[in-house]
Amino acid sequence: MKRIKIIDVLKSQDFGQSVNVKGWVRTKRGSKAVNFIALNDGSTIKNVQIVADVEKFDAELLKQITTGACLSVVGTLVQSQGAGQTSEIQATEIQVLGLCDAEYPMQKKGQTFEYMRQHAHMRLRTNTFGAVMRIRHNMAIAIHKFFHDHGFFYFHTPIITASDCEGAGEMFQVTTKNLYDLKMDEEGKIDYSDDFFGKMTSLTVSGQLEGELGATALGAIYTFGPTFRAENSNTPRHLAEFWMIEPEVAFNDINDNMDLAEEFIKYCVQWALDNCQDDLEFLNKMIDKTLLERLHFVVEHDFVRLKYTEGIRILEEAVEKGHKFEFPVSWGMDLASEHERYLVEQHFKKPVILTDYPKEIKAFYMKQNDDGKTVRAMDVLFPQIGEIIGGSEREDSYEKLMARVEELDIPMKDMWWYLDTRRFGTCPHSGFGLGFERLILFVTGMQNIRDVIPFPRTPKTAEF
Ligand code: 4AD
Ligand code: MG
């Protein structure tokens with residue numbers, strides 16, 4: 001008999017038909033006469049209730065049905081008597097596919113997230129992680145659909161690179177050499193000439209620079225891939241390995257870029273509201289009671305658009321009125337998460353797109369404004385999250401970009417190919433990067449970024 005997924009069984013009104021379901025036991029309860037088994041196969045947050053009359057089954061077999069065990073059940077689909085469910089399965093055959101011993105770490109309900117992180121290999125079997133992973137999948141589909149429908153091409157940029165896009169020096173190096181075999185040159189730098197690539201290579205921190213090559217040929221591209229940052233930040237918002245979506249569009253200026261970012265993120269949130277109702281309702285009940293309200297709010301309201309200088313003025317006024325920030329506020333500083341969240345959660349009570357940051361705190365490739373001090377950067381700041389998107393209009397003048405490269409001492413040997421885009425038919429263009437896990441944090445209401453990726457990589461943790 002062909003297995004039916006639990007999500008489809010629960011939708012079926014075909015009472016009386018015989019069905020086969022397979023899944024893992026969530027709970028078992030019962031009396032002397034009958035056992036009720038809640039079975040889940042991951043296709044939905046919902047369990048199907050299996051009703052097993054004790055007299056019809058071997059006592060040994062029923063004993064083997066413990067939380068976590070894997071079963072195949074054949075039975076008749078019947079209308080449920082119990083509250084909160086419409087159908088259940090009256091079992092005729094039960095086969096234990098996999099026993100589960102008492103050490104199963106997800107045995108008890110209501111474990112802390114910290115406990116579950118320590119048992120990350122099994123946490124996917126819980127309701128919360130099932131919901132988060134299904135939403136994560138849905139967001140990936142929404143992202144591809146949005147860009148495909150808008151005429152963007154999915155563009156694959158390299159994972160192993162020889163350039164540092166963000167210039168923050170936070171790259172993981174890639175080498176085939178045993179560390180002891182690496183030689184130094186005269187300047188005391190590691191000599192990679194006889195290494196695999198013959199030069200220093202790293203895992204990418206962003207696909208943007210190569211994405212710009214794509215956009216200035218194909219018009220509009222987006223990347224969607226893993227990125228790596230060796231920043232030593234042990235925060236609930238940072239991972240060493242995270243996924244980023246980076247659209248890049250020829251002929252877009254900073255305003256087009258803001259329009260795109262706002263439309264894109266609203267589309268993703270609306271997609272979740274339309275396609276992940278059961279999981280969102282579960283999370284709204286169990287994790288964060290204001291989640292659904294927040295998601296609706298974001299799709300229904302315009303984002304605030306504000307210049308950095310204006311943002312600093314608002315923060316300074318807050319300080320004058322007695323608001324206490326951990327880090328002092330002054331023009332030129334990079335905003336800390338507390339500043340971003342003040343603007344979004346307390347001042348405007350809306351998502352904010354902050355633009356025109358001081359050039360010193362932003363990357364070399366951003367277009368310089370005429371004031372000589374600021375660049376056409378844009379960060380999208382979200383409630384609960386802080387920065388969810390970072391982007392900019394790009395410097396399209398060869399001379400200005402070259403001057404900046406020299407000013408920052410960026411080695412030409414790494415950048416010549418990038419500068420060529422400005423020599424050969426340069427054009428205005430813009431793009432941004434959305435941190436995929438930060439989007440998932442927002443959409444699920446989860447508090448820690450380690451809990452929205454199946455296998456998190458953070459300082460001192462690389463399990464599996
Ligand atoms: O602001 P960032 O560093 O921008 C770039 O990498 C640009 N090259 C993007 C572009 O213009 N194409 O990173 C973009 C986003 C951030 O806003 C944040 O959401 C996410 O990536 N991000 C991280 N997410 C998780 N863990 C980290 N360590 C992250 N660092 C950045
Ligand atoms: Mg940023």
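This report walks through a predicted model of a protein chain with a bound ligand, from the overall layout down to single residues.

## Overall layout

Let's start with the whole chain. The protein chain has 464 residues, and 37% of them are buried. Its secondary structure consists of 13 helices and 18 strands. Measured out along the principal axes of the model, the C-alpha trace spans about 85 × 60 × 45 Å.

Contacts in the chain often link distant parts of the sequence. Among those with a separation of 6 or more, 68% are between residues 24 or more positions apart.

## Domains and the record

The domain assignment splits the chain into domain 1 (6–98), domain 2 (123–158 + 206–451) and domain 3 (171–204). Domain 2 is therefore written as two segments, 123–158 and 206–451, with domain 3 falling at 171–204. The C-alpha centres of domain 2 and domain 3 lie 32 Å apart. Where these two domains meet, seven residues of domain 2 are in contact with four residues of domain 3. On the domain 2 side, the touching residues divide into three nonpolar, four polar and no charged.

UniProt, in an unreviewed entry, lists residues 133–454 under "domain: Aminoacyl-transfer RNA synthetases class-II family profile". In the model, this span is 39% helix and 21% strand, and its end C-alpha atoms lie 7 Å apart.

## Around ligand 1

Which residues are closest to ligand 1? They are Ser 206, Gln 208, Gly 390, Gly 433 and Gly 435, out of 23 residues that surround the ligand. By class, this shell has seven nonpolar, nine polar and seven charged residues.

Several elements supply at least two shell residues each: strand 13 (241–250), strand 17 (386–393), strand 18 (429–435) and helix 13 (436–444). Strand 17 gives the largest share of the shell, six residues.

## Strands 6, 12 and 13

Strand 13 also takes part in a pairing with strand 12, antiparallel and held over nine bridges. Within it, Ile 221 stands opposite Glu 248 of strand 13. On strand 12 (residues 220–228) there is also a parallel pairing with strand 6, over two bridges. Here Tyr 154 stands opposite Tyr 222 in strand 12.

Just ahead of strand 6 (153–154) comes a loop that follows helix 4 (127–149), and His 150 lies in this loop. His 150 and Ala 220 are 70 residues apart in sequence, yet their C-alpha atoms are 9.1 Å apart in space. Is His 150 buried or partly exposed? It counts as partly exposed because it has 13 to 19 as the relevant range and its own count is 15 C-beta neighbours inside 10 Å.

## Two more sets of strands

Strand 1 (residues 18–30) is joined to strand 4 (residues 70–79) by seven bridges, and the two run antiparallel. Lys 22 of this pair stands opposite Ser 72 in strand 4. Strand 1 is also antiparallel to strand 2 (residues 34–40), with six bridges between them. Trp 24 stands opposite Asn 40 in strand 2, and a hairpin of three residues joins strand 1 to strand 2. In a regular strand, side chains alternate between the two faces of the sheet.

A smaller group to look at is an open sheet of three strands in the order 7-11-8, with antiparallel pairing. Strand 7 (160–161) and strand 8 (173–174) are at its edges; each has a single partner strand, so one side of each is left without a neighbour in the sheet. Strand 8 is joined to strand 11 (residues 201–203) by two bridges, and Val 174 has Thr 201 as its bridge partner in strand 11.

## Two residues with positive phi

Most residues other than glycine have a negative phi. Two residues are worth a look on this point. Lys 349 is not a glycine, but has a positive phi of about 55°. Lys 349 sits in the loop between helix 10 (337–348) and strand 15 (352–358). With 13 C-beta neighbours inside 10 Å, Lys 349 counts as partly exposed.

Asp 409 is the other case, with a positive phi of about 60° although it is not a glycine. The loop that holds Asp 409 runs between helix 11 (398–407) and helix 12 (412–423). Why does Asp 409 count as exposed? The reason is its count of 7 C-beta neighbours inside 10 Å, since 12 or fewer is the cut-off for exposed.

Notes
Residues are numbered from 1 along each chain as its sequence is written. Chains are lettered from A and ligands numbered from 1 in the order in which they are written. This is a predicted model: local features need pLDDT of at least 70, side-chain atom pairs count only at pLDDT 80 or more; totals for chains, interfaces and linings use all residues. A residue is near a molecule or strand if its C-beta atom, placed from the backbone, lies within 6 Å of it. Helices (H or I, at least four residues) and strands (E, at least two) are DSSP runs, numbered from the N terminus. Ala, Val, Leu, Ile, Met, Phe, Trp, Tyr, Cys and Pro count as nonpolar, Asp, Glu, Lys and Arg as charged, and the others, Gly among them, as polar. A residue is buried if 20 or more other C-beta atoms lie within 10 Å of its own, exposed if 12 or fewer, and partly exposed in between; C-beta atoms are placed from the backbone. UniProt positions are given in the numbering used here, feature names are shortened, and annotations may be inferred rather than shown by experiment. Domain bounds come from an automatic or database domain assignment. Two strands pair if DSSP finds at least two bridges between them.
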